[in-house]
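This briefing goes through the ligand sites of the structure shown below. It is meant to be read with the coordinates open.

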Amino acid sequence: MTILAIESSCDDTCAAVIDMDGRIRSNVISSQQAHARFGGVVPEIASRQHLELIDLVVAQALADGGTTLEQLELVAATQGPGLIGALLVGLSSAKALAGARELPFAAVDHLQGHVAANFLITECAPAQAGASAAAAPDGEQGPFEPPFVCLIASGGHTLLARVTARDGFDVLGRTLDDAAGEAFDKGARMLGLGYPGGAALERLAQSGDPSAFSFPGSASERARGGRGAQRRAFADGLDFSFAGLKTALLYTLRDLPDGELEARAADLAASYQAAIVDSLLARVERALERTGIARVAVGGGVAANGELRRRLLALDAAVHIPARALCTDNAAMIASAARFAEHIAYPGYLGLDAYATGERRG
Ligand code: KG4
Ligand code: ZN
């Protein structure tokens, strides 16, 4: 079965073609550059850009995948959560493509897509050499099978899930405020590193001392006992919070003596990154302990972070980190999830609507 999927929940216009066994035939991602000067994604601009790009991106995915519209057997799209106008462009295009050929359709939850990136067959990336996921002899990496604990950390989401089947997950924890990627981006902006700044912050952190400053969420801060019983109760749970960290950086920057920022920027970046990674790792470790599952997978743009990868790979567990292009938003992961989702026969899907927040609904 040949599947075409479209993903347009945020600022990447994506289309991919995969086979039913999870082999990727094409994975086209067009990242919109128009948002950088605004320091964040502007929803209306994102929708308009999706409209301009979607036909080209789909045509490219079909061409790269060596297939035609006539050869497709299933069409899928992200239904939510995400920016509603952006989602509607991809969902409507996909429904039109499927409807015109009376093909079955799968409406996919974006987070289920991030989880399902782990079920794809991919080239074995060098960064995964230490990972203990099943590696096929021809250099391909096979699907990572449930059960596993999945950490999804992107600019829009921070989620810890228990995955016991290929068609769903249980939420173990999520962020109470900012997403982990958002925390990286806001920290980067305060340090004058532009947007999105996660990667730039990581580069700056490489020459800094992660223990120079003690930020909330960092291991050094927890060692001091945190701030009161409520904070300790939260620190023992599986939910995330990054808003306090952002404020702590703001106050630290405000209190720095004049002219000190340049000299301390690398230390600040390293300490701030350490606080985010510590917070993510502490909850992953706790989730492994509580579920008794010794298998971890990740998704989302923050999975590109070297410090996070090093710390994950050092866990006493089987660790699966998909290639970067499969961690960030892409349509191959949506196609992957579509394999295990409900395949709605024509014309049952024509009235499907997108959803901006929350869980999937019909
Ligand atoms: O998954 P993604 O491409 O898009 C969504 O947000 O859905 O994730 C982008 C996020 C941004 O917040 C970006 O700063 C962060 O991932 N990011 C990183 C790194 N590369 C990207 N954060 C930390 N370290 C990195 N190397
Ligand atoms: Zn995403």
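Of the 16 residues around ligand 1, which come nearest? In this predicted model, the nearest are Gly-155, Asp-185, Glu-202, Gly-301 and Asp-329. Asp-329 is also one of the protein donors of the zinc ion (ligand 2), and a polar side-chain atom of Asp-329 lies 3.0 Å from an oxygen atom of ligand 1.

**Surroundings of ligand 1**

- Ligand 1 has 550 Å² of accessible area on its own, and the protein covers 88% of that area.
- Two elements, α4 (180-190) and α5 (198-205), each give two or more residues to the shell around ligand 1.
- Sorted by class, the shell around ligand 1 holds nine polar residues, four nonpolar residues and three charged residues.

**Backbone contacts with ligand 1**

- A polar backbone atom of Gly-301 is 2.9 Å from an oxygen atom of ligand 1.
- Gly-198 places a backbone N or O atom 3.1 Å from an oxygen atom of ligand 1.

**The zinc ion (ligand 2)**

- The zinc ion has as protein donors His-110 and His-114, each through NE2, and Asp-329 through OD, and these lie 2.1 Å from the ion.
- Along the sequence, the donor residues of the zinc ion follow the spacing H-x3-H-x214-D.
- Both His-110 and His-114 belong to helix α3 (residues 110-116), where they sit four residues apart, or about one turn of the helix.
- His-110 and His-114 are both buried.

Conventions
Residues numbered from 1 in each chain as written. Chains lettered and ligands numbered in written order. Predicted model: local features only at pLDDT ≥ 70, side-chain atom pairs only at ≥ 80, totals over all residues. Heavy atoms only, no water. Donors = N, O, S within 2.8 Å, 3.2 Å for Na, K, Ca; no water. Buried < 20%, exposed > 50% of the residue type's maximum accessible area, 1.4 Å probe, protein only. Near = heavy atom within 4 Å. Polar contact = N/O pair within 3.5 Å; in protein donor to acceptor, adjacent residues only side chain to side chain. Areas by Shrake-Rupley, 256 points an atom, 1.4 Å probe, with all protein chains shown as cover. Nonpolar A, V, L, I, M, F, W, Y, C, P; charged D, E, K, R; others polar.
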